[in-house]
Amino acid sequence: MNLSGKEKIAYGLGAVGKDMVYMLSASFVLYYYQDVLGVSAIAMGMILLAARIFDAFNDPIMGILVAKTKTKWGKFRPWLLIGTLLNAVLLYLLYAAPPTLSGNGLIVYAAIAYVMWGVTYTMMDIPFWSMIPAFTSGGKEREDLTTLARSCAGVGSALVTILTMKCVNILGGSDEVKGFKYFALIVSILFIVFIVITCTMIKEKSTVDVKAPTVKEMFKALLENDQAIYVVVTIVLVNCSLYLTSNLLIYFFKYDLGGTNWSDNYTLFNAFGGGIQILSMMLFFPLFRKFFNAIKICFISFTMAIAGYAVLFILMCMPSINLYMLFIPGFFIFVAFGMLTVLTTVFLANTVDYGEWKNKRRDESVIFSMQTFVVKLASGIAVMSASVCLSVFKISEDTTEAAGSIVSNGSLLGLRMTMALIPIVGLLIALVLFKRKYILTDEKIDEISAILNSERE
């Protein structure tokens, strides 16, 4: 039985809410604590990276708990709902630091709030993506739903990226602390509403009855699924490149381009980029898919992103930086990352079938727990790298309108190199690895699906 339109919409809304929450944390937590509250950039980088290391143990365990769950509501929806409620509360607390805290007390608060936010995000993210193989029949239906979900997630990310600073200014006026607190509250409420709709409308249509793995069996299954490992490493490298740029982008607009209207320019650029990324997932990817297979689209996307970053660096180093000229490389970068976001999820879903075919066990939750972990790991590495950049190149914490004038040319060059050249290196490594190691072509997946369907009959 094919998915209904209501089910697709409900799942898409859940993806919107989920990535609104994630993007608010991934792209603005460093700025909030370092630039707004004055916490050391290195201290924040260490906190965010340590939280990701903690997730190395937390995420796989969460995958096992989901696999072991058996209720009349299924194995996924209970965790999805509970995790969402807890995560919404933690998101608000993360951006509602008590004004009485300062120094070490503020650092401790940030560490506890962020680690707990990560734990509860895992609690809902793993079952959300693990549901895809559980209630789709594979092939085109799975790819279509994955494309829809990733497109909707892109909408959620874009909305937060575009609206955050504008809403912070509207809600808080000149008080960014107040603005972030109220904006986080709004996002948290929307998150809960959207996931409740998802849990109400989506039901598991088919499951494969397998014994839930132990921790030892889980790591063994992951190590035996070579294709999952290659996709996971690719996801880490791609997301590290994207998040490093996105975390430093606000500093580029504030201290490099500068000016009294830096916030408006930042919002305009993000609006352009967010719109292009959504079009990439909803329009460009389906269009490319009519002419190319998924692997060829992946290679095209890598090439576009690398070329875009190269042009971006050249433009950033010109004597006079024009905002609208930045839209040209931005177009290629955002299109590429939009398609790569969809593709990496499709590739990871394919490794579930591959693992069942190769190892005679189906591990949706285990495989998708790795996606949750590596995306957050990439975010942690990127934030730590951004923190080192801010510290080494002495990017000022001054919040005056003329802040751009107090940053040296050497510091600005370091900022530009970190934003544009390091991502090129990461993308080149990912491209070479993927080209040499990934073997799950469309034909191979169809062959595996046919074998598995015959074995289940």
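**Stop 1: helix H1**

Start by selecting residues 5–36, which make up helix H1 in this predicted model. Try a quick length check here: at 1.5 Å a residue, its 32 residues should span 46 Å. Now look at the C-alpha atoms at the two ends: they are 43 Å apart, which agrees with that expectation.

Next, pick Phe28 and look along the helix on either side. A kink of about 55° in H1 is centred on this residue.

Is H1 largely enclosed or not? Show the rest of the structure around H1 to find out. Of the 32 residues in H1, 27 are buried, so the helix is largely enclosed by the rest of the structure. Before you leave, step just past the end of H1 to Gly38, which takes a positive phi of about 85°.

**Stop 2: the largest nonpolar core**

Now select Tyr11, Tyr33 and Tyr95. The largest nonpolar core has 146 residues, and these three touch the most other members. Add residues 226–257, which form helix H8; with 18 residues, H8 gives the most to this core.

Stay with Tyr95 and display its neighbours. Setting aside residues up to four places away in sequence, Tyr95 touches Leu24, Ser25, Phe28, Val29, Tyr32, Phe180, Lys181 and Ala184. You have met Phe28 already, at the centre of the kink in H1.

**Stop 3: an aromatic cluster**

Keep Tyr95 and Phe28 selected, then add Tyr31, Tyr32, Tyr33, Phe180, Tyr251 and Tyr255: together they form one aromatic cluster.

While you are here, select Lys181, one of the residues that Tyr95 touches. Lys181 lies over the face of Tyr182, at 5.4 Å from the ring centre.

**Stop 4: rings along helix H4**

The model has 30 aromatic pairs in total. To describe such a pair, we use the distance of the ring centres and the angle of the planes.

Select residues 103–135, helix H4, and show the side chains of Tyr114 and Trp117. How are these two rings arranged? Their centres are 5.8 Å apart and their planes meet at 20°; planes under 30 degrees apart count as stacked, so this pair is stacked. Tyr114 and Trp117 are 3 residues apart in H4, which means that about one helical turn separates them.

Finally, add Tyr121. Trp117 and Tyr121 also form a stacked pair, 5.1 Å centre to centre with 20° between the planes. They are 4 residues apart in H4, about one turn of the helix. Are these rings' residues buried or exposed? Tyr114 and Trp117 are both buried, and Tyr121 is buried too.

Note on methods:
Residues are numbered from 1 along each chain as its sequence is written. This is a predicted model: local features need pLDDT of at least 70, side-chain atom pairs count only at pLDDT 80 or more; totals for chains, interfaces and linings use all residues. Side-chain values use heavy atoms; hydrogens and water are left out. The expected span of a helix is 1.5 Å times one less than its number of residues. The bend at a residue is the angle between axes fitted to the seven residues ending there and the seven starting there. Buried means under 20% relative accessible area, exposed over 50%, partly exposed in between (1.4 Å probe, protein chains only). A nonpolar core is a set of buried Ala, Val, Leu, Ile, Met, Phe, Trp, Tyr and Cys residues joined through side-chain atoms within 4.5 Å. Contact means heavy atoms within 4.5 Å. Rings of Phe, Tyr and Trp (its six-membered ring) pair if their centres lie within 6.5 Å; planes under 30 degrees apart count as stacked, over 60 as edge-to-face and the rest as tilted. A charge sits over a ring if NZ of Lys or CZ of Arg is within 6 Å of the ring centre and within 35 degrees of the ring normal.
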